[in-house]
Amino acid sequence: IVFRVMDSDAAYVAFQQGRVDVAPLPAGARRQALRTYGPAERGRGPGVVDTPRPTLYFLAFQLDTPPRDDVEVRRAFSRAIDRAALVDAGRDLELDAGRWIVPPALQMGAPALCDTCLHLPSLAAAAFKRAGVTEVTLTIDAEGGHERIARRIRTDLARVGVEVAIETLPFDDYLAGIEAGEIALYRFGWQAQYASPGAML
């Protein structure tokens, strides 16, 4: 077995050319792949394996300075975001509306209700006003469809009185900025390495 490590775009091109046997689908390729290769039966190949993935896509904060150190401000970000509209904006990324830290693919038992995950823009607006938050910068990495998600977040936050500037960085610079604590608000993702809630928690 030869295991080649490639980004999803290069891997999918290699798959289409017959140079590799398995590849992840890059953003925006799902519909075309399903038309060309068909769905895999019961989540097993050949074909497109289209099952829930143990991944999270989320906003993260540096907590060292106000107002991000205020839990009510962080809750306001969550309540300001219309998750249904966000899922629609990121449909090529195959997003589901998140309601908990452990994704459904790894759930064991019923998920707990996350009241902070509800779209409550009036509560968000009041919390931002109390904290004096009127503008923020959201940093994302280039490529991968993140621009659409960032624009959707900007729209939701504008509706509660917060102006969002979107900063896009090459991935290496983006990671370096996060590790150095220079980026205050950013999008990030996490994928479980094994099928257990502990991989997320």
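# Reading helix α1, the ring pairs and the cores

User: What covers the buried residues of α1?

Analyst: In this model, which is predicted, the elements covering the buried residues of α1 include α2 (30–37). Helix α1 itself spans residues 8–16, and its buried residues are A11, Y12 and A14.

User: How do you know that the buried residues of α1 line one face of the helix?

Analyst: Looking down the axis of α1, one finds its buried residues within an arc of 160 degrees, and therefore they line one face of the helix.

User: How many aromatic pairs does the structure hold, and what makes the pair of F58 and F188 tilted?

Analyst: There are 8 aromatic pairs in the structure. For F58 and F188, the ring centres are 6.3 Å apart and the planes make an angle of 55 degrees. The distance is within the limit of 6.5 Å, so the two rings count as a pair, and the angle is neither under 30 degrees nor over 60, so the pair is called tilted.

User: Why does this pair tie together parts that are apart in sequence?

Analyst: F58 belongs to strand β1 (residues 55–61), whereas F188 belongs to strand β4 (residues 185–191), so the pair joins parts that lie 130 residues apart in sequence.

User: Why is F58 called partly exposed?

Analyst: Its relative accessible area is 30%, and since buried means under 20% and exposed means over 50%, F58 falls in between. The value for F188 is 23%, so F188 counts as partly exposed as well.

User: What makes the pair of F77 and F128 edge-to-face?

Analyst: The planes of F77 and F128 stand at 85 degrees, with 5.1 Å from centre to centre; because an angle over 60 degrees counts as edge-to-face, this pair receives that name. The pair also links distant parts of the chain, with F77 in helix α3 (residues 71–80) and F128 in helix α5 (residues 121–131), 51 residues apart.

User: How do you know that F77 is buried?

Analyst: F77 has a relative accessible area of 4%, and this is under the cut-off of 20%, so F77 is buried. F128, at 0%, is therefore buried too.

User: Which residues touch the most other members of the largest nonpolar core?

Analyst: They are F77, F128, V136, L138, I153 and L157, out of the 22 residues in that core. At least two residues of this core come from each of α3, α5, β2 (135–141) and α6 (146–158). If its neighbours within four places in sequence are left aside, L157 is in contact with F77, A80, F128, V162 and V164.

Technical notes:
Residues are numbered from 1 along each chain as its sequence is written. This is a predicted model: local features need pLDDT of at least 70, side-chain atom pairs count only at pLDDT 80 or more; totals for chains, interfaces and linings use all residues. Side-chain values use heavy atoms; hydrogens and water are left out. Rings of Phe, Tyr and Trp (its six-membered ring) pair if their centres lie within 6.5 Å; planes under 30 degrees apart count as stacked, over 60 as edge-to-face and the rest as tilted. Helices (H or I, at least four residues) and strands (E, at least two) are DSSP runs, numbered from the N terminus. Buried means under 20% relative accessible area, exposed over 50%, partly exposed in between (1.4 Å probe, protein chains only). The arc is that of the directions from the helix axis to the C-beta atoms. Contact means heavy atoms within 4.5 Å. A nonpolar core is a set of buried Ala, Val, Leu, Ile, Met, Phe, Trp, Tyr and Cys residues joined through side-chain atoms within 4.5 Å.
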